[in-house]
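Biologist: I should like a close look at a single part of this model, followed by an account of the contacts and charge pairs elsewhere in it. Please define each term as you use it.

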Amino acid sequence: MKTDSKRITVKGVALVLLFILIFCALFSVLQTIFTNKAGRSSYLASAYEAPGTVDVAFMGTSHMNLALYPMELWDAYGFTSANQAQSGQMPFVTYYAVQEVVERHHPKVVVVDLYYLYAETQTGSGSYTHQTIDSMTNLGVKLRCVTNGLPSSQWAEYLLPFTLYHGRWSELSKTDFTAPDLLTKGATEFVTREYSGDDPVFEAVDVSDALEPPAVSLSWFAKIADYCKKQDTALVFVVVPYRAYGEEQGRDMADDQRYYNWMRSWCAENDVAFINMLDSLDDIGFDMKADMREWNHLNYFGGKKVSLWLGEKLAETYDLPDRRGDAAYAAWNENLTTYKADIDAQIAAMDAPDAMP
Amino acid sequence: MLFNSMRFLVFFPLACLVFYVCPKKWRPAYLTLISCFFYACFLPINLLVLLYVGALSYGAGRLLGKLGQHRRAALACALVALFAPLCLYKYTQFALNNLSTLLGLVGIGFYREVGWIAPIGISFFTFMGAGYLIDVYRGTQPEKNVFRYGAFITFFPVLASGPIERSSGLLKQLNEDRSFDADKVKKGLMMMCWGYFLKLVLADRLSLFVGDAFANYAQYGFFRLSLGAVAFGLQLYCDFASYSYLALGAGEVLGFDLIDNFNTPYFSKSVTEFWRRWHISLSSWFRDYLYFPLGGNRKGTLRKYLNVMIVMLVSGLWHGSTWNYIAWGGLHGVFQITGQALKPWRAKVAKALHINPDNAGNTCLRILFTFLLVNFAWIFFRAPSLMTALAYIRRMFTVWEPWVLVDGSLASMGLDAPNLAVTLVGMLILFCVSLCRYQGVDLRDGLLRQGVVFRWTVYLLCIFFVLIFGIWGPSYSASSFIYFQF
């Protein structure tokens with residue numbers, strides 16, 4: 001039987017494979033350059049630390065990202081942490097983000113914010129989802145996240161983000177060619193004074209008033225709890241302070257609080273730590289006007305208060321080590337000096353007479 | 001399955017790999033099978049139309065080969081049956097629309113919307129089948145092997161957009177013992193890369209500019225509308241030629257030489273020459289199976305002009321079933337007839353003025369003039385209706401707006417400044433490559449003679465140029481990717 005197999009030589013096949021290899025290497029480099037870097041500084045906070053060196057990981061949404069400051073915690077208590085929370089991060093993405101940080105660092109504590117407990121759909125904004133998944137460095141976790149969480153029609157754009165971002169050639173900048181800025185270890189800190197918008201509205205709901213959250217979000221938070229239990233990692237579900245929604249949000253904050261109340265019972269039943277900071281505003285010394293950046297997120301001053309309050313609880317409860325005198329962590333002390341100078345400069349600039357309002 | 005889809009990028013290498021591993025005698029059956037799969041990926045039900053055309057033309061061909069008499073009648077019946085699906089799908093709505101207009105003139109309200117969408121490539125594979133039958137009628141031996149004929153009529157590289165292959169080309173090659181040729185595969189892949197460049201970098205980018213010009217023609221004047229028309233001429237060439245080059249390249253990778261469908265058409269010095277260089281497989285099909293049977297140029301000048309006009313009108317109707325396509329075809333007929341009629345007069349004028357019509361300057365002027373005529377006609381091709389085309393032209397010649405060339409207005413016509421720059425660089429590359437081809441320089445052969453490092457560098461540069469600057473994949477816009485909006 002005539003075939004062409006004899007005309008296809010070993011050398012020819014080897015050359016083809018070599019060409020494909022070179023192509024893939026170049027493709028990988030270009031993909032890294034072209035991928036949007038919007039969420040990188042936050043998400044890669046722990047990826048740039050040596051494996052096993054992060055004691056606490058803060059995960060979840062922008063509420064968390066603007067509230068817990070690893071460098072303030074280092075300064076005050078001496079344990080290491082990374083804030084990998086991201087804007088608009090849906091619970092299913094958080095579940096895999098938790099896996100990524102646990103696989104690399106096996107931290108003593110993982111703190112996850114519950115803001116998206118209200119989510120009724122599994123997927124949210126595509127750009128926010130990209131923000132986290134594009135930054136994932138553990139290919140196994142990324143593959144599981146994409147194939148388990150997203151429709152197959154979107155797999156290519158998440159697993160090969162160059163298919164989406166190749167059109168960025170005209171907007172590439174220095175950021176695309178340099179390492180991320182990890183001065184804050186992932187946290188986003190807005191040095192602004194009190195929120196100048198509408199007067200704050202916050203009405204606490206009684207803790208006995210509970211409402212079961214949507215099944216889809218609850219299922220992913222339950223998976224996070226299950227995963228952490230299997231990995232022998234302490235999990236703390238938290239609610240970071242925020243205020244009533246504007247009409248534009250079209251949702252009732254009271255329902256959110258009812259979900260949190262329901263979750264408090266769920267956590268008690270499932271042996272998961274639960275902290276709702278909305279119930280401890282006086283204890284924290286939190287001012288709903290002075291400590292907010294806007295209606296939904298904290299400014300630097302609010303974040304610092306929350307960080308120190310929660311940090312103290314974490315350090316005590318989980319016996320977190322004070323590593324400030326450890327030579328292996330000298331880089332953290334050096335980073336702290338730069339960090340403080342940067343914050344001081346920002347505060348000085350904000351308070352300068354000619355500063356923009 | 002489109003050539004520029006992720007599916008095709010998976011399908012094609014696998015299909016080629018199995019093709020070359022497959023024993024040669026099984027290859028026609030294998031090609032038929034994967035071609036049917038390729039076609040079914042568009043819309044599975046339409047596979048029935050392809051199988052109908054294939055089975056009918058195969059059976060009729062066998063019958064024509066056996067018949068001693070009544071062959072003409074048999075051919076006519078077979079052609080009617082063969083063209084029936086094409087006519088039904090493409091021209092029923094056109095006929096109903098015209099009937100509605102006519103009845104409306106006498107006060108009778110009538111309108112029917114059939115909503116039939118023609119199966120992809122129906123015009124191409126129907127013409128392939130018809131050409132084969134006429135060839136058999138004229139004496140070509142009919143193909144007996146059903147799989148070999150199946151591979152011919154369903155050959156996936158040409159299925160969707162041609163070229164319209166002939167029994168003397170592809171079918172003959174399917175009967176030959178063709179072996180794996182590494183250089184042919186490389187040349188095929190280079191051809192495909194060129195096709196992707198034309199489609200993704202140029203055609204799809206130009207379409208944004210053209211779309212804006214034709215959508216907002218009522219606000220634009222001479223320069224923007226002229227540029228819109230020229231851009232459409234270039235877009236159409238890049239788009240259509242890209243499919244042809246992709247088909248040619250894919251065919252070459254599989255070891256087949258397909259009809260070269262475009263030979264630098266915009267370097268033509270007359271509209272008649274343009275049709276020898278543009279969509280060659282269709283032009284030659286009309287020449288061999290319509291123009292010659294009508295008498296060609298053997299029955300006097302007037303009859304020749306009539307034949308030219310008939311061919312161009314049918315060509316217009318082949319391209320689309322609305323009056324603007326017919327007007328486009330008619331305009332090309334007028335251009336060709338006028339050009340041929342004035343030829344003796346032009347020669348006399350040139351002689352009297354001592355002008356050499358073939359010197360470089362005059363050649364360039366003739367090329368430019370032909371280019372402008374062809375692009376003017378494209379307005380009828382692109383406009384959604386005849387009335388829109390006329391309104392576009394009226395606006396073009398009545399509103400003068402030279403300032404738009406310098407005030408940045410062009411960068412707001414669907415393409416921003418960086419994309420306009422990429423378009424211009426792409427056009428420059430297209431011009432240089434076309435010029436090489438026009439001068440008979442084969443760049444692919446030249447590249448194959450170079451060392452491996454140089455070759456691979458060029459390959460990778462070309463591939464990544466297309467990947468970066470091509471318009472493909474899920475749409476990304478920076479504005480929709482503004483993060484941290486909380």
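Modeller: B:Leu9 is a suitable starting point; this residue belongs to helix α1 of chain B, where helices (H or I, at least four residues) and strands (E, at least two) are DSSP runs numbered from the N terminus. The model is predicted, so local features need pLDDT of at least 70 and side-chain atom pairs count only at pLDDT 80 or more, while totals for chains, interfaces and linings use all residues. Residues are numbered from 1 along each chain as its sequence is written, chains are lettered from A and ligands numbered from 1 in the order in which they are written, and side-chain values use heavy atoms, with hydrogens and water left out.

B:Leu9 has a relative accessible area of 48% and is therefore partly exposed; buried means under 20%, exposed over 50%, and partly exposed in between (1.4 Å probe, protein chains only). Together with A:Leu143, A:Trp155, A:Leu159, A:Leu160 and B:Met6, B:Leu9 makes up a nonpolar surface patch of about 500 Å² accessible area. Such areas come from the Shrake-Rupley method with a 1.4 Å probe, and for residues only the protein chains shown count as cover. Patches are made of residues with over 30% relative accessible area and no salt bridge, nonpolar side chains (Val, Leu, Ile, Met, Phe, Trp, Tyr) being joined within 5 Å and like charges within 9 Å. Helix α8 (155–159) of chain A and helix α1 (6–21) of chain B each supply at least two residues of this patch.

The patch draws on both chains, which leads to the interface. Here 40 residues of chain A are in contact (heavy atoms within 4.5 Å) with 38 residues of chain B. The two chains bury about 3500 Å² between them, 73% of it on carbon and sulfur atoms; buried area is the accessible area (1.4 Å probe) that two parts lose on being put together, summed over both. Zero salt bridges are found across this interface, a salt bridge being a side-chain nitrogen of Lys or Arg within 4 Å of a carboxyl oxygen of Asp or Glu. On the side of chain A that touches chain B, α1 (10–34), α6 (126–133), α8 and α9 (162–165) of chain A each supply at least two residues. Of that side, α1(A) gives the most, with nine residues.

Over all chains, the structure holds 29 salt bridges. Side chains of opposite charge can pair when their charged atoms come close. One such bridge joins B:Lys184 and B:Asp257 at 2.7 Å, N to O. B:Lys184 lies in helix α9 (residues 182–215) of chain B and B:Asp257 in the loop between α10 (222–253) and α11 (271–277), so the pair ties together parts that are 73 residues apart in sequence. B:Lys184 is buried at 17% relative accessible area, whereas B:Asp257 is partly exposed at 36%.

A further bridge links B:Lys187 with B:Asp445, their closest N and O atoms being 2.9 Å apart. B:Lys187 is likewise in helix α9 of chain B and B:Asp445 in helix α18 (residues 443–448), so this pair ties together parts that are 258 residues apart in sequence. B:Lys187 is buried at 16%, and B:Asp445 is partly exposed at 29%.

B:Asp358 and B:Arg366 also meet in a salt bridge (3.4 Å, N to O), with B:Asp358 exposed at 57% and B:Arg366 partly exposed at 31%. In chain A, salt bridges that share partners join A:Lys37, A:Arg168, A:Glu171 and A:Asp176 into one network.
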